[in-house]
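Me: I'm new to this one and would like to go through it slowly. Could you show it to me first, and then I'll ask how you know things?

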Amino acid sequence: MAFLQVEFFSKTLGVASTVNVILPEADMGIGVTAGGKEETLPKVLYLLHGYSDDHSIWMRRTSVERYAAEYPLAVVMPAVNHSFYCNEAEGERYWDYVSEELPQVMHKFFRLSDRPEDTFAAGLSMGGYGALKLGLTHPDRFAAVGSFSGAVDVADTARFKADLRREKERVFGDLEKIAGSDLDLFHLLKVHGGDAKKPKLYVSCGTADFLYWAHQKFVPAAEEAGWDVTHHEKPGATHEWGFWDEQIRYFIPWMLGDK
């Protein structure tokens, strides 16, 4: 795989932005098998980081490059700080950046497939929320989206720790207005549940994860709203990289229909 750290000026954010990108190669070297045909435009996975991380974390903590090498798959890993992939109430327009500008820039810079059936999103924790928000808001753009230990219920503000409430208000605005808005994944499930074209969902969490309660609520709500949901629970797993490395290794062939 080719690995690139891309620095470009984001018009949406008004500042230089950094994105890590891995691109498939025909020859991978010793110990790695290349997948697909060289002339095939790569499919694209937008892989999103969690609350305490940045664009570099998936490359540093997992073997995602090796997992993606088996397929003609490009992986795009942006940085969004603490934004929850939203247009912040007091801050930057990270939702517009990730959902609109970033795909446009990536397709301008690289030869990538732009077909919805070749486009995917996934993330961990805050990134799980972001990936689901992308798929639920724009169901016609993605073939599959995945959430690993996702913060999928931001509308349940009573769960927010007192010392983080001000930060959440900076991002979401009035916390009492999240429920039923476009920030609320449970609301988005209902809005687009009847759409003829929508991505399949993969939702996973460890049973010892502090966000497991949200996973237990989200899966039946998605199924009831008419979404095709695959869910996985790992007994005893917590909010940690061993679980997320397992999940991205499984998710890539699953999203491509190879499992």
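**How do you know?**

Reply: Let's start with one pair: the side chains of threonine 18 and glutamate 7 are joined by a polar contact of 2.7 Å. Keep in mind that this is a predicted model, where local features need pLDDT of at least 70, side-chain atom pairs count only at pLDDT 80 or more, and totals for chains, interfaces and linings use all residues. Residues are numbered from 1 along each chain as its sequence is written, and side-chain values use heavy atoms, with hydrogens and water left out.

Me: What makes the link between threonine 18 and glutamate 7 a polar contact?

Reply: The term covers a pair of N or O atoms within 3.5 Å; within protein, one must be able to donate a hydrogen and the other to accept it, and residues adjacent in sequence count only if both atoms are side-chain atoms. The value for threonine 18 and glutamate 7 is 2.7 Å.

Me: And why is threonine 18 called buried or exposed?

Reply: Buried means under 20% relative accessible area, exposed over 50%, and partly exposed in between (1.4 Å probe, protein chains only). Threonine 18 has a relative accessible area of 18%, so it's buried. Its place is in strand β2 (residues 15-23); strands (E, at least two residues) and helices (H or I, at least four) are DSSP runs, numbered from the N terminus. Leaving aside neighbours within four places in sequence, threonine 18 is in contact (heavy atoms within 4.5 Å) with Gln5, Val6, Glu7, His55, Pro78 and Ala79.

Me: How do you know how compact the whole chain is?

Reply: The chain has eight helices and eight strands. Its radius of gyration is 17 Å, close to the 18 Å that the globule rule gives for 259 residues, so the chain is as compact as a globular protein of that length. That radius is taken over C-alpha atoms, and the rule is 2.2 Å times the number of residues to the power 0.38. Along its principal axes, the C-alpha trace spans about 50 × 40 × 35 Å, and 54% of the 259 residues count as buried.

Me: What makes arginine 170 and glutamate 88 a salt bridge?

Reply: You need a side-chain nitrogen of Lys or Arg within 4 Å of a carboxyl oxygen of Asp or Glu. For arginine 170 and glutamate 88, the closest N and O atoms are 3.0 Å apart. This pair links distant parts of the chain: arginine 170 sits in helix α5 (residues 165-172) and glutamate 88 in the loop between β4 (73-78) and α3, 82 residues apart. Glutamate 88 counts as buried because its relative accessibility is 10%. Together with Glu167, these two are linked in a network of salt bridges.

Me: How many salt bridges does that rule give?

Reply: The count comes to eleven. Another one joins the side chains of arginine 93 and aspartate 96 (3.0 Å, N to O). Arginine 93 has 42% relative accessibility, so it counts as partly exposed; aspartate 96, at 22%, counts as partly exposed too.

Me: How do you know how the length of helix α8 fits its number of residues?

Reply: The expected span of a helix is 1.5 Å times one less than its number of residues. The 15 residues of α8 (residues 241-255) should therefore span 21 Å, and the end C-alpha atoms are 20 Å apart, which agrees. Eleven of those 15 residues are buried, so this helix is mostly covered. Among the buried ones are Trp241, Phe243, Trp244 and Phe251.

Me: What makes a nonpolar core, and which residues have the most contacts inside the largest one?

Reply: It's a set of buried Ala, Val, Leu, Ile, Met, Phe, Trp, Tyr and Cys residues joined through side-chain atoms within 4.5 Å. The largest has 57 residues, and those with the most contacts inside it are Phe84, Met106, Phe172, Leu201 and Phe218. Helix α3 (residues 94-109) gives the largest share of this core, seven residues. Apart from it lies another core, of 29 residues, among them Val64, Ala69, Trp241 and Phe251.

Me: Last one: why is glycine 128 called buried or exposed?

Reply: Its relative accessible area is 0%, so glycine 128 is buried. You'll find glycine 128 in helix α4 (residues 126-137). Glycine 128 and phenylalanine 84 are 44 residues apart in sequence and 9.5 Å apart in space, C-alpha to C-alpha.
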